[in-house]
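Q: Could you walk me through this structure, please? I'd like to go slowly, one part at a time.

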Amino acid sequence: MSRIGKLPVAVPSGVDVAIDGPLVTVKGPKGTLSHTVAAPITVEKNDGVLDVKRPDDERLSKSLHGLTRTLVNNMVVGVTDGYEKKLEIVGVGYRVLSKGPTQLEFQLGYSHSIIFDAPEGITFAVESPTKLGVVGIDKQLVGEVAAKIRKLRKPEPYKGKGVRYAGEHIRRKVGKAGK
């Protein structure tokens, strides 16, 4: 039995879960998320918890069991607490400017500034010109937007300049050897 899949998903007060066949919809104080559960897996609602069940021990069922439980749990956490991914910018003259909660302007050493618009459901929190956060209720979307921002100027291995996740360790290379 999947160790993750057999754990029940606790539904806190203030969160409403609707199960309509394969569609699971979670509504909470921060918003609404929905997910279509893959074919052999079922989700059942029992007094305050959600149970993810699988019908048999086939390879596909086993692989989808833990995944589905994690996705449903991420939806419950997202509508109650939300998710945030922090990024930091390293480099002389590299900075970010907030142009509202859903738009950023980056100066990343290119000849032009880069305007980055947030998709629906994502907002940005700029703490300083070199630190920012991507905030939203959908964990997958928050990670994807953070990865797209990092991709604008990946950290390079010689000086470590670029956009990186907060706390990310960049493997450094030795530069040219002098005479």
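A: Before we turn to the pocket, here is what lining means: a lining residue has an atom within 4 Å of a point of the pocket. Please also keep in mind that this is a predicted model.

Q: OK, so which residues line the largest pocket?
A: The lining of the largest pocket is made up of L33, S34, H35, L71, N74, M75, D138, K139 and Q140. Its volume comes to about 170 Å³.

Q: Which helices or strands supply at least two residues of that lining?
A: Strand β4 (31–36) does, and so do the helices α1 and α2, each of them giving at least two residues to the lining of the largest pocket.

Q: And how many of the lining residues are nonpolar, polar or charged?
A: Sorted by class, the lining of the largest pocket holds three nonpolar, four polar and two charged residues.

Q: Let's stay with α1, then. What span should it have, and why?
A: Helix α1 covers residues 59–80, which is 22 residues, and at 1.5 Å a residue it should therefore span 32 Å. The C-alpha atoms at its ends are 33 Å apart in the model, which agrees with that expectation.

Q: Which of its residues are buried?
A: The buried residues in α1 include S61, L64, H65, G66, T68 and R69, and further along the helix V72, N74, M75, V76, G78 and V79 are buried as well.

Q: What follows the helix?
A: After α1 comes G82, which has a positive phi, near 85°.

Q: Back to H65 for a second: why does it count as buried?
A: H65, which is found in helix α1, has a relative accessibility of 0%, and because buried means under 20%, H65 counts as buried. Its C-alpha atom is separated by 9.0 Å from that of P40, although the two residues are 25 residues apart along the chain.

Q: What about K53, where is that, and what does it touch?
A: K53 has its place in strand β6 (residues 49–53), and, not counting residues up to four places away in sequence, K53 touches P40, I41, T42, E44 and H65. With a relative accessible area of 38%, K53 is partly exposed. Between the C-alpha atoms of K53 and K6 there are 7.6 Å, while along the chain these residues are 47 residues apart.

Q: New topic: which residues have the most contacts inside the largest nonpolar core?
A: That core has 20 residues, and those with the most contacts inside it are I89, F106, F124, L132, V134 and I149. At least two residues of this core come from each of β7 (83–90), β9 (103–107), β10 (114–117), β11 (122–128), β12 (131–136) and α2 (139–151). The largest share, four residues, is supplied by α2.

Q: What does F124 touch?
A: Leaving out residues up to four places away in sequence, F124 touches P101, T102, Q103, L104, F116, A118, G133, V134, V145 and I149.

Q: How many residues does the second core have?
A: The second core is separate and has 18 residues, among them V9, V26, V43 and V52. As a general point, nonpolar side chains in soluble globular proteins tend to be buried together.

Q: Is V15 buried or exposed?
A: V15 is buried, with a relative accessible area of 11%, and V15 lies in the loop between β1 (9–10) and β2 (16–20). Not counting residues up to four places away in sequence, V15 touches V26, K27, G28, V79 and T80.

Q: Last one: where is E156, and what is it in contact with?
A: E156 is in the loop between α2 and β13 (162–165), where E156 is partly exposed, with a relative accessible area of 25%. Setting aside neighbours within four places in sequence, E156 is in contact with K161 and I170.

Conventions: Residues are numbered from 1 along each chain as its sequence is written. This is a predicted model: local features need pLDDT of at least 70, side-chain atom pairs count only at pLDDT 80 or more; totals for chains, interfaces and linings use all residues. Side-chain values use heavy atoms; hydrogens and water are left out. The expected span of a helix is 1.5 Å times one less than its number of residues. Buried means under 20% relative accessible area, exposed over 50%, partly exposed in between (1.4 Å probe, protein chains only). A nonpolar core is a set of buried Ala, Val, Leu, Ile, Met, Phe, Trp, Tyr and Cys residues joined through side-chain atoms within 4.5 Å. Contact means heavy atoms within 4.5 Å. On a 1 Å grid over the protein atoms alone, a cavity is a set of points where a 1.4 Å probe fits but cannot get out, and a pocket is an open set with protein on both sides within 12 Å along at least five of seven lines; lining residues have an atom within 4 Å of a point. Grid points are joined across faces, edges and corners, and a volume is the space filled by probe spheres set on the points. Ala, Val, Leu, Ile, Met, Phe, Trp, Tyr, Cys and Pro count as nonpolar, Asp, Glu, Lys and Arg as charged, and the others, Gly among them, as polar.
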